[in-house]
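Let's walk through this model together, with the structure open beside the text. We will go from charged pairs to the ligand and end with some backbone details.

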Amino acid sequence: MTIERIVVLTGAGISAESGLPTFRGAGGLWEGHRVEEVATPEAFARDPATVHRFYDLRRRQLQEAAVEPNPAHRALAELEAGFPGEVLVITQNIDDLHERAGLGHLIHMHGELLKARCGACGAVHPWRGDLGHLPPCPACGRPGRLRPHVVWFGEMPLEMERIGAALGASDLFVSIGTSGNVYPAAGFVEEVRAHGRARSIEINLEPPAHNRRFDEHRQGRAGDLVPPLVRELLTGAA
Ligand code: BJW
């Protein structure tokens, strides 16, 4: 079958080799908290200082010189530039490593760490500093209302309509470095299967979970396995 439209979903695993820790699995805890405990609107309402500290530390870490895109991020940018059909990358990651690798178009379905949103006026601002000292919103001037521009549990992920349309039209779905624990992203493979046209490939360090239904599983590091997959797609060998 000729492949014309590719949708790629990425998760924390693709950025692990760039030095950013994943959420679940070894080292996935943050000061003894599970992500489910800090990444909720309820946690933010109850204890904003802890939630701000979690994101302030991650924002600082993302801007450290050692954190750079890895060969998997770069290969996806090459795929976008060289593939004659359509390529859409949807990332659950809030880092900016895909952009830094040169990817032109992507959907950040769980938001972006380098942006802040005002809970009072709704304005979204580029943001590289801390939020824990409760700076005023640059748009409305109110203090203490800025929060990370990220999607927490119980909130609606971004651009779901565009994502649904792209999944429905795709003929290849590739999932890279995600545990499949968090919905709706965990259900994308089923959505693609329901249309009956798309092939699905999963790349993950771990063996496939019992409930995961991909046509093909490639086990290993994203930095090792994404570049050869991209070469296959660019030469028509996949
Ligand atoms: C490597 C590697 C290497 C390592 N190479 N691989 C049923 C249906 C629908 C919803 C629900 C449902 N049941 C419950 C819900 C609600 C909830 C949910 O899913 N809860 C679960 C706990 C069950 N979902 C929501 O609330 C979402 N909103 C929502 O559903 O709205 C209603 C709606 C319904 C239907 C349609 C549309 C909307 C919102 C979810 C928001 C998630 N937010 C977070 C935090 C915010 C951002 C941040 O702080 O970064 O997003 S949680 C956290 O998990 C983060 C991640 O993006 C997300 C996914 O994690 P990911 O990327 O999979 O990371 P890990 O660590 O889990 O896995 C890493 C993987 O990489 C592992 O498999 C490793 O093996 C692998 N790996 N190194 C390759 N080198």
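Arg-100 has a relative accessible area of 38%, so Arg-100 is partly exposed. In this predicted model, Arg-100 forms a salt bridge with Asp-96, and their closest N and O atoms are 3.1 Å apart. How accessible is the other partner, Asp-96? Asp-96 has 13% relative accessibility and therefore counts as buried, because the cut-off for that class is under 20%. The bridge thus joins a buried residue to a partly exposed one. As a general matter, side chains of opposite charge can pair when their charged atoms come close.

If you count such pairs over the model, you arrive at 17 salt bridges. One of them links Arg-5 with Glu-86, with 3.8 Å between the closest N and O atoms. Here the sequence positions are worth a look: Arg-5 belongs to strand 1 (residues 5-10) and Glu-86 to strand 2 (residues 86-91), so the pair ties together parts that are 81 residues apart in sequence. Arg-5 itself is partly exposed, at 31% relative accessibility.

Another salt bridge pairs Lys-115 with Glu-112, where the closest N and O atoms are 3.0 Å apart. Both ends fall in the middle accessibility class: Lys-115 is partly exposed at 28%, and Glu-112 is partly exposed at 21%. Salt bridges can also share partners, and in this way Arg-24, Arg-34, Glu-36 and Glu-37 are joined into one network.

Keep Arg-24 in view, as this residue leads us to the ligand. Which residues come nearest to the ligand? Of the 34 residues around the ligand, they are Glu-17, Arg-24, Gly-154, Ser-179 and Asn-204. An N or O atom in the side chain of Arg-24 is 2.7 Å from an oxygen atom of the ligand. The backbone takes part as well: a nitrogen atom of the ligand has a backbone N or O atom of Glu-155 at 2.8 Å, and a polar backbone atom of Leu-205 is 3.3 Å from a ligand nitrogen. How much of the ligand does the protein bury? Taken alone, the ligand exposes 1500 Å², and the protein buries 78% of that.

The surroundings of the ligand can also be read by element and by residue type. Helix 1 (12-16) and helix 4 (48-62) are the elements that give two or more residues to the shell. Helix 1 provides the largest share, with three residues. By type, the shell divides into 16 nonpolar, twelve polar and six charged residues.

Finally, some backbone geometry to inspect. Where is the cis peptide bond? The bond from Tyr-183 to Pro-184 is cis, with omega near 5°. Pro-184 sits in the loop between strand 7 (172-176) and helix 8 (188-195).

Positive phi values are worth checking too. Leu-134, a residue other than glycine, has a positive phi near 55°. Leu-134 is found in the loop between strand 5 (124-126) and strand 6 (146-150), and its relative accessible area of 45% makes it partly exposed. Glu-159, likewise a residue other than glycine, has a positive phi near 60°. The place of Glu-159 is the loop between strand 6 and helix 7 (160-169), and at 39% relative accessibility Glu-159 counts as partly exposed.

Definitions and conventions:
Residues are numbered from 1 along each chain as its sequence is written. This is a predicted model: local features need pLDDT of at least 70, side-chain atom pairs count only at pLDDT 80 or more; totals for chains, interfaces and linings use all residues. Side-chain values use heavy atoms; hydrogens and water are left out. A residue is near a molecule or strand if one of its heavy atoms lies within 4 Å of it. A polar contact is a pair of N or O atoms within 3.5 Å; within protein, one must be able to donate a hydrogen and the other to accept it, and residues adjacent in sequence count only if both atoms are side-chain atoms. Accessible areas come from the Shrake-Rupley method with a 1.4 Å probe; for residues, only the protein chains shown count as cover. Helices (H or I, at least four residues) and strands (E, at least two) are DSSP runs, numbered from the N terminus. Ala, Val, Leu, Ile, Met, Phe, Trp, Tyr, Cys and Pro count as nonpolar, Asp, Glu, Lys and Arg as charged, and the others, Gly among them, as polar. A salt bridge is a side-chain nitrogen of Lys or Arg within 4 Å of a carboxyl oxygen of Asp or Glu. Buried means under 20% relative accessible area, exposed over 50%, partly exposed in between (1.4 Å probe, protein chains only).
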